[in-house]
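Could you walk me through this model, one question at a time? I would like each answer to show its reasoning before it settles on a value or a name.

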Amino acid sequence: MSSEQISSSPESSPETDGPRPRRLMYAALLAALEGLALVVGGVWILVLGVTGDPDDRQQAVTGGVTLVVLALLPLLAARGLLARRSWSRGPAVITQIMALPVAYNLLQADSMAIPAGIALAAVAVAALVLLVNGETTRALGIRGPGNAQK
């Protein structure tokens, strides 16, 4: 490797040096909160499925395990965002896009789920706005089409 190739790596670019932008920190915080909410929900379903009297114990356990495993995506994305890894924006954006239909379904319910749907939609939209912001993009060292280093 030449010295030019080494110095142009994303980890040492001028955009990723210096203090971490607030927008990036807020996006990481929102992704982490979503991940933690999925873990809590998954554990809650598991506990109710094992200790309670569910209609289908196997379905409750499967649902709980699925939520805990799904929590890995936003938690890993949050960790990557805090570490300024450019790959982390993709999983974070995917998490927000997946959250929007869930929020819509919660809003369609005629129950106590409506406030949860409002909160989830607000968090997903706010996180998307933070993730596509120019300051966040520069901090992660992401270059747009046609702006690649030569």
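Here are some questions and answers on the fold, the confidence, the helix pairs and a few single residues.

Q: How many helices and how many strands does the chain have?
A: Happy to start there, with the reminder that this is a predicted model. Along the sequence the elements read α-α-α-α-α-α-α. The count is therefore seven helices and zero strands, with helices taken as DSSP runs of at least four residues.

Q: Which element of the chain has the lowest mean pLDDT, and which the highest?
A: For the chain, the mean pLDDT is 86, and 85% of the residues reach 70 or more. Among the elements, the mean is 40 for one helix at residues 3-7 and 96 for another at residues 72-82. The lowest is thus helix α1 and the highest is helix α4.

Q: Over which residues is the pLDDT below 50?
A: Where pLDDT is low, the predicted coordinates should not be read in detail. The stretch in question has nine contacts in the model beyond near neighbours in sequence. It covers residues 1-14.

Q: What share of the contacts between residues at least 6 apart in sequence joins residues at least 24 apart?
A: A contact here means heavy atoms within 4.5 Å. Counting those between residues at least 6 apart in sequence, the share that joins residues at least 24 apart is 66%.

Q: What percentage of the residues is buried?
A: The chain has 150 residues, and it exposes about 9,600 Å², of which carbon and sulfur atoms supply 66%. A residue counts as buried when its relative accessible area is under 20%. By that cut-off, the buried percentage is 27%.

Q: Are helices α2 and α3 roughly parallel or roughly antiparallel?
A: The axes of α2 (residues 22-51) and α3 (residues 57-70) come within 7 Å and cross at roughly 160°. Angles over 145 degrees count as roughly antiparallel. So α2 and α3 are roughly antiparallel.

Q: Is the crossing of α2 and α3 left-handed or right-handed, and which glycines of α3 help to make the contact?
A: The crossing is left-handed. On the α2 side the contact includes Gly41, Gly42 and Gly49, along with residues such as Leu38 and Ile45. Across from them, α3 contributes Ala60, Val61 and Leu67, among others, and its glycines in the contact are Gly63 and Gly64.

Q: How do α5 and α6 lie relative to each other?
A: Helix α5 spans residues 89-108 and helix α6 residues 113-132. Their axes come within 8 Å and cross at roughly 155°, and α5 passes α6 in a left-handed crossing. With a cut-off of 145 degrees, the two helices are therefore roughly antiparallel.

Q: Which residues of α5 meet α4, and what is the orientation of the pair?
A: The axes of α4 and α5 come within 8 Å and cross at roughly 140°, in a left-handed crossing. From α4, Leu73, Pro74, Ala77 and Leu81 meet Arg89, Pro91, Ala92, Ile94 and Thr95 in α5. Since angles must be over 145 degrees to count as roughly antiparallel, the orientation is oblique.

Q: What is the phi of arginine 84 near?
A: Arginine 84 sits in the loop between α4 and α5 and is buried, with a relative accessible area of 12%. Most residues other than glycine have a negative phi. Arginine 84 has a positive phi, near 60°.

Q: How far apart in space are alanine 27 and alanine 127, C-alpha to C-alpha?
A: Alanine 27 belongs to helix α2, and its 2% relative accessibility makes it buried. Beyond four places in sequence, alanine 27 touches Leu81, Leu130 and Leu131. Alanine 27 and alanine 127 are 100 residues apart in sequence, yet the C-alpha distance is 5.3 Å.

Q: Which residues does alanine 99 touch, leaving out those up to four places away in sequence?
A: Alanine 99 is part of helix α5 and counts as buried at 9% relative accessibility. Glutamate 34 is 65 residues away from alanine 99 in sequence and 9.1 Å away, C-alpha to C-alpha. The residues touched by alanine 99 are Glu34, Leu120 and Ala124.

Q: Is valine 39 buried, partly exposed or exposed?
A: Valine 39, in helix α2, is in contact with Val68, Ala71 and Leu75 when neighbours within four places are left aside. Its relative accessibility is 26%, whereas buried requires under 20% and exposed over 50%. Valine 39 is therefore partly exposed.

Key:
Residues numbered from 1 in each chain as written. Predicted model: local features only at pLDDT ≥ 70, side-chain atom pairs only at ≥ 80, totals over all residues. Heavy atoms only, no water. Buried < 20%, exposed > 50% of the residue type's maximum accessible area, 1.4 Å probe, protein only. Areas by Shrake-Rupley, 256 points an atom, 1.4 Å probe, with all protein chains shown as cover. pLDDT = per-residue confidence, 0-100. Axes fitted to C-alpha atoms, helices over the stretch in contact; angles between N-to-C directions. Parallel < 35°, antiparallel > 145°, perpendicular 65-115°, else oblique. Left-handed = near helix turned anticlockwise from the far one by under 90°.
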